[in-house]
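The questions and answers below are intended to be read beside the sequence and the coordinates. Please consider each question before turning to its answer.

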Amino acid sequence: MIMIDRRIAALALMVAGTLPTAACAKQPGGDHAQSTVANNAQTTNPASLGAAQSSNRRDNAVGWSLQQFQQRRERKVMAADTSHDGRVSRAEFVAAMTNGKGAPAKRFTRLDRNGDGSVDRPEIDRAASKRFHRLDINGDGRLTREERKAGHASATNRGAGPADDAGE
């Protein structure tokens, strides 16, 4: 019975990503593998099970830095780069951003500052930086969830929808 409980605990920790899979491998010496799994399960910090969730909560409570905000916008916009050339064409952007609010073609035009028909990382970063500073109401260099919500409400009231630039 204890052996099954240890295996279930080890499997749960392994699925959660907190226990290396090598620790669950059968080792020579019979019961040694079970004791290794049990020892690893006991020494694994239970708080680490929700580490990703708590990290996300902490980011929302403390706020995002400009760099984090830019990285999120870059990932979102560059995900539309189906040709994998490091640039997002108008067609790629419009096809990928149809689920956001606001007209994707207008959002693309605001992002494409040099008018070359595609958006690259510097253009995304420039738009994200501008948006970050507009949303950072208290000017502390961190963008909290409340500030983001207020910015979305403000954009909606302006008629732009919450996705007014930086591919949001």
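Q: At 16% relative accessibility, does Glu-74 count as buried or exposed?
A: The model is predicted: local features require pLDDT of at least 70 and side-chain atom pairs pLDDT 80 or more, whereas totals for chains, interfaces and linings use all residues. Residues are numbered from 1 along each chain as its sequence is written, and side-chain values rest on heavy atoms, with hydrogens and water left out. Relative accessible area under 20% is termed buried, over 50% exposed and anything in between partly exposed (1.4 Å probe, protein chains only). With its 16%, Glu-74 therefore counts as buried.

Q: How far apart are the closest N and O atoms of Arg-121 and Glu-74?
A: A salt bridge requires a side-chain nitrogen of Lys or Arg within 4 Å of a carboxyl oxygen of Asp or Glu. Arg-121 is partly exposed, at 39% relative accessibility, and forms such a bridge with Glu-74. The closest N and O atoms of the two residues are separated by 2.9 Å.

Q: Why does the pair of Arg-121 and Glu-74 tie together parts of the chain, and how many residues apart are they in sequence?
A: Helices (H or I, at least four residues) and strands (E, at least two) are DSSP runs numbered from the N terminus. The salt bridge joins Arg-121 to Glu-74. Since Arg-121 belongs to helix α7 (residues 121-135) and Glu-74 to helix α4 (residues 66-78), the pair ties together parts whose separation in sequence is 47 residues.

Q: At what angle do the axes of α4 and α7 cross?
A: Axes are lines fitted to C-alpha atoms, for helices over the stretch in contact, and angles run from 0 to 180 degrees between N-to-C directions. The axes of α4 and α7 come within 9 Å of each other. They cross at roughly 130°.

Q: Which word describes how α4 and α7 are set to each other?
A: Angles under 35 degrees are roughly parallel, over 145 roughly antiparallel, 65 to 115 roughly perpendicular, and the rest oblique. The α4 and α7 axes cross at roughly 130°. The two helices are therefore oblique.

Q: Which residues are linked with Arg-87 in a network of salt bridges?
A: Arg-87 and Asp-116 meet in a salt bridge with an N to O distance of 2.2 Å. This pair links distant parts of the chain, 29 residues apart: Arg-87 is in the loop between α4 and β1 (88-89), and Asp-116 is in the loop between α6 (104-111) and β2 (118-119). Arg-87 also meets Asp-120, at 3.3 Å from N to O. The network thus joins Arg-87 with Asp-116 and Asp-120.

Q: At 16% relative accessibility, is Asp-120 buried or exposed?
A: Two partners in the network are partly exposed: Arg-87 at 26% relative accessibility and Asp-116 at 40% relative accessible area. Asp-120, at 16%, counts as buried.

Q: How many salt bridges does a search of the whole structure find?
A: Arg-121 is bridged to Glu-74, while Arg-87 is bridged to Asp-116 and to Asp-120. The number found in the whole structure is three.

Q: How many aromatic pairs does the structure hold?
A: Rings of Phe, Tyr and Trp (its six-membered ring) pair if their centres lie within 6.5 Å; planes under 30 degrees apart are stacked, over 60 edge-to-face and the rest tilted. The number of aromatic pairs in the structure is three.

Q: How are the rings of Phe-69 and Phe-132 arranged?
A: A pair of aromatic rings is described by the distance of the centres and the angle of the planes. For Phe-69 and Phe-132 the centres are 5.7 Å apart and the planes stand at 55°, so the pair is tilted.

Q: Which residue does Phe-69 in helix α4 pair with, 63 residues away in sequence?
A: Phe-69 is buried, as is its partner. Phe-69 lies in helix α4 and the partner in helix α7, so the pair ties together these parts; the partner is Phe-132.

Q: Which residues do ring pairs link into a cluster?
A: Phe-69 and Phe-132 form a tilted pair. The cluster linked by ring pairs consists of Trp-64, Phe-69 and Phe-132.
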